[in-house]
Amino acid sequence: MSIKTIGLTRYFDKLCAVDNVNLEVGNEIFGLLGLNGAGKTTTVLMLTTLLKPCTGEAYICDFDVVREAGEVRKVISYVPQDMAVDIKLTGRENVMLYARLYGVADRNRRVDEILGLMGLAERANDRVNSYSGGMRRRLELAQALVHEPQVLFLDEPTLGLDVAARRKMWEYISSLKKNGVSIFITTHYMDEADKFCDRVAIMDRGRIVAMDSPSKLKNNIHSLSAKEPSLDDVFMQKVSAEGEQGGFDDYKFRTLLRRRK
Amino acid sequence: MREILYYFERDLKRWTRSRKSVFSSLAMPAAWLVFVGLALPIRFTDNYLDFITPGILVMTMLFASLQGGTLLIFDKILGFLNKFLALPAPRESILFGKILFIAFRGLLQSTVILAMAILLGVKMHSFMTVPLTYLVLFIFGVLFSAIATTVALLVDDYDSYSAMNSMASMPLFFTSSALMPYEMMPQWLRVIASLNPVSYAIDTVRALFSGNFLLDGMVELTAMVVVVLMVSVYVFRKATV
Ligand SMILES: Nc1ncnc2c1ncn2[C@@H]1O[C@H](COP(=O)(O)OP(=O)(O)OP(=O)(O)O)[C@@H](O)[C@H]1O
Ligand SMILES: [Mg+2]
């Protein structure tokens, strides 16, 4: 198993951001879906050794993320949710830094290759402060992909990318999968998850409320409603069914207003 | 080990590509030397410029090192640190890269001061004075840039870092032997000054300028560097976000 978690849990003070998560991810594209604040990034941070779980265990390629963190870092690549590229350096310098830090062999060729793949070849020698937002995002992907990891973590990688870049990224990720890489991705785009992910998990306030292939998830609610369901429908059903106590309570709100008079 | 140079090169490029910050960091210490050494109305010793130059050199290194902690703070706030910490490169190479860059930049600033001091006629004992002075300043810079970078890793935001920075830097400087000889100090200040690591560096450089070599000062500073680096490496290896 590339990724395995057993009862993975993380609190921030009283708030349970990740609640008893059990996952097994193999050589596949695995999508983690959830509303803002569901706990996706927190999960990724624990799996990439950046945050310690409160309880539970997690293994990447059989290495414990806490006790064997150094080994874990050798087999992963990670693209964080927030962009961080050096605007004073050129695109090539940005990618070269990571190629060197990952210890990539045959760096020059590899850096050019990945810049070309991300559609940045012509602008590679320009400073990044002249790049557009989407180009910076592509550069960030190039930094992670310059190394050929066994497990790739992508936290909302397609945010702000145009259609062409998005398609290229997914094609590249699919080819990585064929080469044996496991991909763990979080996204808010249901259509992408539906099209490209082998399996998805839906996370709601720290808990996994559904996990299966997109088509199975859709089939399961097919029996409940008449029209052809999309992954959006699955998502809204799973999340709102769980979300009642904490959600917007019409009745309580009205009584609250009445009392204030 | 090579990773240290990669991190160093990144910071160096980022710095040198901003002309304004290069200019201001080189001009500031020179202004200090002129102000304190020539313009200040008080004189604690006969040739005050000779006396104050070692103090200004060490002060420059001290402020450069403490200021250097903000490099890591910004890497942290802007999300670079997260990416670096998840890389297979040993995490302490982030620390050593910062130390190397901060000390290097501090030594460049010191060079400006040394050059000005020589132009202004400050006497140096022998040709060995300059390289040995660099060595002392480097060790001293490593000490404080390691402390600054490690503190920066542990605090959450820029404001608390700069608050701690200003709380530490001025007292460290003014309770050292930078501005006046020990004989001129009040008793309480003499005690503090003789314990202050900033004084060790200043006294050692001052001795070099008059042709003596204070082995004690070097040994004490080096011992402190070893202890601080061990703690810092440990903290970096264990760091979480
Ligand atoms: N450092 C922190 N300190 C305190 N609370 C935190 C911290 N990081 C995250 N949280 C909380 O944990 C919960 C999960 O956050 P997380 O960032 O994992 O959500 P997410 O699913 O990635 O959301 P988004 O889609 O907005 O990126 C949120 O309620 C958030 O407020
Ligand atoms: Mg997130």
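**Group meeting: magnesium site, sheet and interface in a two-chain model**

A:Gln81 is partly exposed, with a relative accessible area of 29%. I start with that residue as a way into the metal site. Before going on, please keep in mind that this is a predicted model.

So what does A:Gln81 do at the ion? Its OE1 atom coordinates the magnesium ion, ligand 2, together with OG1 of A:Thr41, at 1.9 to 2.1 Å. These two residues come from distant parts of the chain, 40 residues apart. A:Thr41 sits in helix 1 of chain A, residues 40–47, while A:Gln81 lies in the loop between strand 6 and helix 3 (91–102). A:Thr41 is also partly exposed, at 25% relative accessibility.

Strand 6 takes us to the sheet. In chain A, six strands make an open sheet with mixed pairing, in the order 6-7-8-3-9-10. Which strands are at the edges? Strand 6 (76–79) and strand 10 (207–212) of chain A, each of which pairs on one side only. On average, neighbouring strands in this sheet are turned by 15° against each other, with direction ignored.

Strand 6 of chain A pairs in the parallel sense with strand 7, residues 151–155, over four bridges. One partnership to look for on the screen is A:Ile76 with A:Val151 in strand 7. Helix 5 of chain A, residues 133–145, packs on the sheet and touches both strand 6 and strand 7. The direction of helix 5 makes about 170° with that of strand 6.

Now the charged pairs. Over all chains, a search of the whole structure gives 29 salt bridges. In general, side chains of opposite charge can pair when their charged atoms come close.

In chain A, take A:Asp204 and A:Arg205, whose side chains meet in a salt bridge at 3.7 Å, N to O. Is each partner buried or exposed? A:Asp204 is buried, at 6% relative accessible area, whereas A:Arg205 counts as partly exposed at 40%.

In chain B, the side chains of B:Arg10 and B:Asp11 form a salt bridge at 4.0 Å, N to O. B:Arg10 counts as buried at 3% relative accessibility, and B:Asp11 counts as buried at 2%.

Another chain B pair is B:Arg237 with B:Glu92, with the closest N and O atoms 2.7 Å apart. This pair links distant parts of the chain, 145 residues apart: B:Arg237 is in helix 10 (residues 215–238) and B:Glu92 is in helix 5 (residues 92–119), both of chain B. B:Glu92 is buried, with a relative accessible area of 14%.

B:Arg10 and B:Asp11 come up again in a network of salt bridges that also links A:Asp86, B:Arg14, B:Asp75 and B:Lys98.

That network has members in both chains, which brings me to the interface. How many residues does each chain bring to the contact? Chain A gives 28 residues and chain B gives 25. Between them the chains bury about 2500 Å², and 60% of that is on carbon and sulfur atoms. On the chain A side, A:Leu50, A:Arg73 and A:Leu101 supply 27% of the area buried against chain B, more than any other three residues.

Six salt bridges are found across the interface of chain A and chain B. For a pair to find on the screen, A:Glu93 forms a salt bridge with B:Lys13, with their closest N and O atoms 3.2 Å apart.

Definitions and conventions: Residues are numbered from 1 along each chain as its sequence is written. Chains are lettered from A and ligands numbered from 1 in the order in which they are written. This is a predicted model: local features need pLDDT of at least 70, side-chain atom pairs count only at pLDDT 80 or more; totals for chains, interfaces and linings use all residues. Side-chain values use heavy atoms; hydrogens and water are left out. Two strands pair if DSSP finds at least two bridges between them. Axes are lines fitted to C-alpha atoms, for helices over the stretch in contact, and angles run from 0 to 180 degrees between N-to-C directions. Contact means heavy atoms within 4.5 Å. Buried means under 20% relative accessible area, exposed over 50%, partly exposed in between (1.4 Å probe, protein chains only). Donors are N, O and S atoms within 2.8 Å of the metal (3.2 Å for Na, K and Ca); water is not among the atoms, so sites may look incomplete. Buried area is the accessible area (1.4 Å probe) that two parts lose on being put together, summed over both.
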